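Please look over the sequence and the 3D structure below before reading on. The report after them takes up the whole chain and then some of its parts.

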Amino acid sequence: MALMDREIQNASALIIDSNSTSRSLLSAQLRDLGVQQVRQASRVSDARVILEHKTYDIVLCDYHFDGTEMSGQDLLDELRREHLLPYSTVFVMVTGEASYAKVAEAAEAALDAYLIKPYTSASLADRLAHARHRKRVLKDIFEAIEKQEFEAAAAHCMKRFNARAEFWLYAARIGAELLLRLNRHEEAHKLYDAIIEAKTVPWARLGVARSELAAGNLVAARRTLETLIGDIPDHADSYDVMGRVQMEQGELEAALETYRTAAKLTPGCLLRQQRCGSLAFYAGQREEALKMMERTMAQGLRSKLFDMLSLVLIGFMRFDNKDTKGLKYAHDAMVQELERRPQSKRLQRFEAVFRGLRHLADHKVGNALELARQLSAEADGEDFDLEAASLLVGLWIRLSKLAIQLDEMGPVMSQLGLRFCTSKASSELLVSVSEDNEAVANEFRSCHTRIFGVAETAMRHSMRGSARTGVELLIQQGESTRNAKLIDMASLVLKRHAEKIDDAEQLAERISELQARYVIPIASLNNRNRAAGGLALRTGAPS
């Protein structure tokens, strides 16, 4: 068989299939096409680790795998979300699923091609040639993204879309993702609308919802998602985004049910299982949370896709169940991970929480109290986020159940509440980790009321013609509490009324400094806020 292009002899390929005969056949077909380097994997878990550590030019992956619920689609979904597949890789799904739902789901997940069984060598060659051709045609876009020149990449995408040039639809999808990344939400919304008008596809409708969510229009986003889910109830990414909307609206129970649906649709997806388990923990459904998280730990503890926050939550639940052996096992796993990444401040905090729990399990209350104090001293730090705050609250709560009196605990809870009660979702999250301690829960509710009271007062000042007073109030309170909502609101009010404020530039500098220090990405469930339904934008330095 003739070579499909001149570079194919230098290409490397990975075949992922549980059937040895199928692997051998695909390997022979690739070699006939000129591919010299071919590696095989029989299990999804093995393939995931291989792809985490090496880049391949071609990946041929079966959809179904014997002995596991995880599918090839689940693998692709997770690799895409974690930016582990560069644009140069051609990913082809091999499946017997000819129904629209399965094929469309795969085709919309940054997939380059799919093959329906049975297929011929000619079909494989045709799919690979087409996919590799698309990579070459869109090379200017991919290279700009790799260099993190997102404005230039977006311009290339828009030019191709407007001209309806070759691969315009794919370019439009990349362009919309870039606009979202650049916080040009309204332009992204318009582009998704234009895509829908030209060719209705589920990912474009989901993109509209994502644009609305990014712009803070939760009501519109929810309405869009409800319609999309009603039309396509098997579209798992829609449930991911709906869960985020519900979380932002403080509806933990509703979000949990939504994430359960997404997890059921893709039972082998490590990320969705972790997300669902985490939310079950915060919603108080501990039996369900422990079951799901231990399952993900067994499936992928050594995978880059496993979020070590899940391990800490497992530690809390094993401590509560008086499972000292299980607690030690989880702690040992965390220590091993920290040894691999000793500079990670996040893992250092996780390990410290584990040591605190181990001290409490051994009734060494004094040692646990000292650890809680050390972690509390970091609470004003610029890299201290909602995730760290929730774990610190969890440690203090369990400490308070064994200590006679902890007068110092109240001020710590107040400090955390004033900084991290930035939305209904974050406030409800802090309330949830206060367990059955009503005093702490009420303190967080009080902090929420106080923060939003400051915001309302500032808005009244701006509406009555005293915008500078409102901005100054937000800056002062934002600086003293480190609250991201107040700092961001100061920026928004200043931009809206800048022409009426003489020292607007000086105020803007103060706000920018506070934003750089304290407006950090907040992990409501874990530290992996990937865009559900989005096309992964692989860059030279993945986020």
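What follows is a short report on this structure, from overall form to single residues.

## Basis of the report

The model is predicted: local features need pLDDT of at least 70, side-chain atom pairs count only at pLDDT 80 or more, and totals for chains, interfaces and linings use all residues. Residues are numbered from 1 along each chain as its sequence is written, and side-chain values use heavy atoms, with hydrogens and water left out.

## Overall form

The protein has 26 helices and five strands. Helices (H or I, at least four residues) and strands (E, at least two) are DSSP runs, numbered from the N terminus. Along the principal axes, the C-alpha atoms fill a box of roughly 80 × 65 × 40 Å. The radius of gyration is 25 Å, which agrees with the value near 24 Å for a compact globule of 543 residues. This radius is taken over C-alpha atoms, and the globule rule is 2.2 Å times the number of residues to the power 0.38.

Of the 543 residues, 55% count as buried. Buried means under 20% relative accessible area, exposed means over 50%, and partly exposed lies in between (1.4 Å probe, protein chains only). Among the contacts with a separation of 6 or more, 65% are between residues 24 or more positions apart; a contact means heavy atoms within 4.5 Å.

## Surface and charge

The accessible surface comes to about 23,500 Å², and 49% of it belongs to carbon and sulfur atoms. Accessible areas come from the Shrake-Rupley method with a 1.4 Å probe; for residues, only the protein chains shown count as cover.

The protein has 72 positive and 75 negative charges, and their mean positions are 2 Å apart. Lys and Arg count as positive and Asp and Glu as negative, while His and the chain ends are not counted. The place of a charge is taken as NZ of Lys, CZ of Arg, CG of Asp or CD of Glu.

## The nonpolar cores

A nonpolar core is a set of buried Ala, Val, Leu, Ile, Met, Phe, Trp, Tyr and Cys residues joined through side-chain atoms within 4.5 Å. The largest such core has 117 residues, of which I16, L311, W396, M413 and L416 touch the most other members. Helix α20 (residues 386-400) gives the most to this core, with ten residues. Apart from this core lies another, of 21 residues, among them L33, V90, V94 and L115.

Not counting residues up to four places away in sequence, W396 touches L369, A372, R373, S376, L406, E408, M409, V412 and M413.

## Residues in helices

Helix α3 (residues 72-81) is largely enclosed by the rest of the structure, because ten of its ten residues are buried. Charged residues appear in that buried list, including D74, D77, E78, R80 and R81. Just after α3, H83 takes a positive phi of about 60°.

Q29 lies in helix α1 (residues 20-33) and is buried, at 8% relative accessibility. Beyond its neighbours within four places in sequence, Q29 is in contact with Y119, S121 and L124. G356, in helix α18 (residues 345-361), is buried with a relative accessible area of 0%. With the same neighbours within four places set aside, G356 is in contact with A368, L371 and L395. G356 and L399 are 43 residues apart in sequence, and their C-alpha atoms are 8.8 Å apart.

E287 is found in helix α15 (residues 286-300) and counts as exposed, at 73% relative accessibility. E287 and M317 are 30 residues apart in sequence and 8.8 Å apart in space, C-alpha to C-alpha.

## Residues in loops

P118 sits in the loop between β5 (113-116) and α5 (121-137). The peptide bond from K117 to P118 is cis, with omega near -10°. P233 is in the loop between α11 (218-231) and α12 (236-248) and is partly exposed, at 42% relative accessibility. Leaving aside neighbours within four places in sequence, P233 is in contact with Y239 and L265. The C-alpha atoms of P233 and L265 are separated by 9.7 Å, although the two are 32 residues apart along the chain.

R164 has a positive phi of about 50° although it is not a glycine. This residue, R164, lies in the loop between α7 (150-163) and α8 (168-181) and is partly exposed, at 41% relative accessibility. R482, also not a glycine, has a positive phi of about 65°; R482 is in the loop between α24 (467-481) and α25 (484-497).
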